[in-house]
Amino acid sequence: MTRIAAEDYLDALAAHGIEHLFVNPGTDFPPIVEAFSRAARTNRKVPRPMVVPHEGVAVAMAHGFTAVTGKPQAVMLHTNVGTANAINMLINASRDRVPMLLTSGRTPYTESGAEGSRSFHIQWAQEMFDQAGMLRELVKWDYEMRRGDQATSAVDRAMEIASASPRGPVYLSLPREVLSERIVAGVERRRDRRAVPRPPIASNADIDTLADWIAEARNPLIVTGMLGKDPRESIVLGRLAERYALPVIPYHTRCFVLSSDHPMFQGSAPGPLLEDADLVIVFETDVPWLPSKQSPPAAARIVQIGEDPLHSRLPMRSFPSDLTITASCFSVLEALEKALDARSTPHVAARDGRLRDRSRRLHDGWAVETEQAGNAEAITLPWLNHCLRDVIDADTKVISEYSFRQEYCPLTTPGSLFAVSNAGGLGWGFPASLGIKLASPGSLVLSVLGDGAYMFSNPTACHYVSQMQKLPVLTIIYNNGLYGAVRHATLDMYGHGLAAEADGRLLADMPAPSFDKIVAAHDGHGERVDRPADLPAALQRAAAAVRGGTQALINVVCK
């Protein structure tokens with residue numbers, strides 16, 4: 001009896017706990033199709049195949065699933081063209097350090113004479129000299145499988161590198177001839193023991209130094225970016241921040257850090273706290289402030305903490321550091337809690353009163369904004385976020401692609417917020433919400449997107465997956481008919497130039513179609529809302545539809 005290498009490949013994925021293979025198939029997939037068919041006949045455990053009709057959607061779904069579970073998943077695409085379609089979402093996964101096995105077929109390298117040789121005219125034009133060269137800068141490792149009996153060891157190698165700190169995507173190309181190679185059945189494939197290194201921890205000396213500096217500081221500040229990917233980090237940080245009056249700024253955060261109701265949540269921009277700080281502690285943040293606009297005092301101590309605190313994959317990054325700690329945020333926070341417990345902290349009381357007063361003033365300001373927004377003629381971002389309060393519960397998962405603001409809609413649950421990476425690869429939020437729903441079927445999954453982000457997401461493919469895979473999600477479009485980032489960037493540079501005469505809208509205007517009718521084509525619930533007074537009821541209807549098993553979309557036309 002013989003079997004084919006593709007069977008070993010699927011077995012190896014399952015052995016690593018990969019539950020789903022997100023696929024966008026092509027002419028290089030016949031061995032994979034055959035392997036899945038044989039597995040179904042024998043009831044052998046293999047990943048569940050998820051057919052996704054766009055490559056970017058497949059990668060973002062895997063990203064979303066892993067963001068919730070921490071478990072790497074696998075994606076398989078079609079040769080060079082499929083790989084190219086996925087690179088935008090791969091950039092997000094790379095910058096967010098998401099472990100993922102991205103694979104694609106490779107054009108058959110033989111023109112005839114082998115099992116799997118070329119049999120379609122496109123297979124000449126689709127071959128590249130270096131297919132992995134398209135994405136090598138974005139992955140930790142890449143390889144092309146060269147023999148059928150390599151399947152197990154190639155997957156083992158890929159997964160150990162993807163899972164090692166700092167985690168990230170890897171790439172494996174799979175030639176059709178290799179996947180279809182016949183292998184002797186019944187032979188035990190050797191699986192060497194491969195323990196993945198634990199994430200790094202800080203030295204005792206570094207923790208002592210950091211604890212001493214916090215005890216001495218009059219105006220410390222914590223800035224976070226990716227802290228909170230492990231929900232335990234948010235819990236420990238919340239305790240530390242409240243006990244020691246440490247203000248926290250989740251700056252362009254990709255995760256839940258603190259509830260905005262926490263007294264040490266001080267907004268989402270460094271602001272005046274940075275200008276007055278004598279100690280700035282940066283947790284997993286590639287850009288803790290914008291040097292062209294604002295910086296801490298020259299005498300302030302700066303601490304950079306993270307599994308890659310130098311952010312070595314970014315070509316240029318010049319933020320100062322007086323103490324650089326290579327360690328997981330959770331390990332640092334745990335050790336810091338013990339170290340601070342043994343120290344005198346004389347400035348805590350003064351800081352606590354001052355920061356709680358600042359927090360009250362911030363909340364008063366947000367409340368005034370919300371009240372004014374509710375009485376306005378057009379819907380604005382504060383009002384949209386305020387109205388979300390009535391549909392979000394403790395189990396809701398919120399996905400933000402530029403439009404969610406916790407200042408107006410406090411979350412309470414660690415692990416409840418997921419935002420697009422700082423690379424800003426648009427189109428991530430909607431498909432990521434599908435992966436998050438797959439990972440947490442009992443939760444309401446809600447994505448708040450800009451109109452551009454929705455269009456970039458290949459929405460027809462997303463709605464199709466939601467319908468066919470029974471993944472009901474609530475999509476809310478903050479529709480201002482504008483590329484807001486383009487307009488803001490133009491006015492930032494040329495606020496007194498000719499471009500400002502047209503309010504910076506040249507190349508930024510984007511009149512929007514009836515997005516609510518797109519979801520209707522997939523048997524979903526769609527509504528358009530133009531007036532602030534109508535938004536609360538529309539959101540309630542949409543949330544009820546999703547909780548009842550039907551996907552929904554609210555097209556919120558905003559000022």
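Tutor: Two strands count as paired if DSSP finds at least two bridges between them. Helices (H or I, at least four residues) and strands (E, at least two) are DSSP runs, numbered from the N terminus. This is a predicted model, so to speak with care: local features need pLDDT of at least 70, side-chain atom pairs count only at pLDDT 80 or more, and totals for chains, interfaces and linings use all residues. Residues are numbered from 1 along each chain as its sequence is written, and side-chain values use heavy atoms, with hydrogens and water left out.

Student: OK, which residue in β15 stands opposite Ile399?

Tutor: Look at strand β14, residues 397-401. Three bridges join β14 to β15, and the two run parallel. Across from Ile399 in β15 you'll find Phe418.

Student: Which strands stand at the edges of that open sheet?

Tutor: The sheet has six strands with parallel pairing, in the order β15-β14-β16-β17-β19-β18. An edge strand has a single partner, so one side of it is left without a neighbour in the sheet. Here that goes for β15 (417-419) and β18 (525-529).

Student: What angle does helix α14 make with β16?

Tutor: Helix α14 (residues 429-439) packs on the sheet and touches β14, β15, β16 (445-450) and β17 (474-479), where contact means heavy atoms within 4.5 Å. Axes are lines fitted to C-alpha atoms, for helices over the stretch in contact, and angles run from 0 to 180 degrees between N-to-C directions. For α14 and β16 that gives about 175°.

Student: Let's move to β9. How many of its residues are buried?

Tutor: Buried means under 20% relative accessible area, exposed means over 50%, and partly exposed is in between (1.4 Å probe, protein chains only). In a regular strand the side chains alternate between the two faces of the sheet. In β9, Pro220, Ile222 and Thr224 on one side and Leu221 and Val223 on the other are all buried. The tally for β9 (residues 220-224) is five of five.

Student: What is the hand of the crossover from β9 to β10?

Tutor: Three bridges join β9 to β10 (residues 248-250), running parallel, and Ile222 has Val248 as its bridge partner. With the strands pointing away from the viewer, a clockwise path from the first strand over the helix to the second is called right-handed. The chain goes from β9 through helix α9 (residues 231-244) to β10, and this β-α-β crossover is right-handed.

Student: Which helix gives the largest share of the largest nonpolar core?

Tutor: A nonpolar core is a set of buried Ala, Val, Leu, Ile, Met, Phe, Trp, Tyr and Cys residues joined through side-chain atoms within 4.5 Å. This one has 50 residues, and those touching the most other members include Leu210, Ile281 and Phe283. Among the residues Ile281 touches are Leu221, Ile222 and Val223. Seven core residues, the largest share, come from helix α11.

Student: Any backbone oddities? Is Asn458 buried, partly exposed or exposed?

Tutor: Most residues other than glycine have a negative phi, and most peptide bonds are trans. Asn458 has a positive phi of about 55° and is found in the loop between α15 (451-456) and α16 (459-468). With a relative accessible area of 29%, Asn458 is partly exposed.

Student: And what is omega for the peptide bond between Ser165 and Pro166?

Tutor: Pro166 is in the loop between α6 (151-163) and β7 (169-175). The bond joining Ser165 and Pro166 is cis, with omega of about -10°.

Technical notes: Lists of a residue's contacts leave out its neighbours within four places in sequence.
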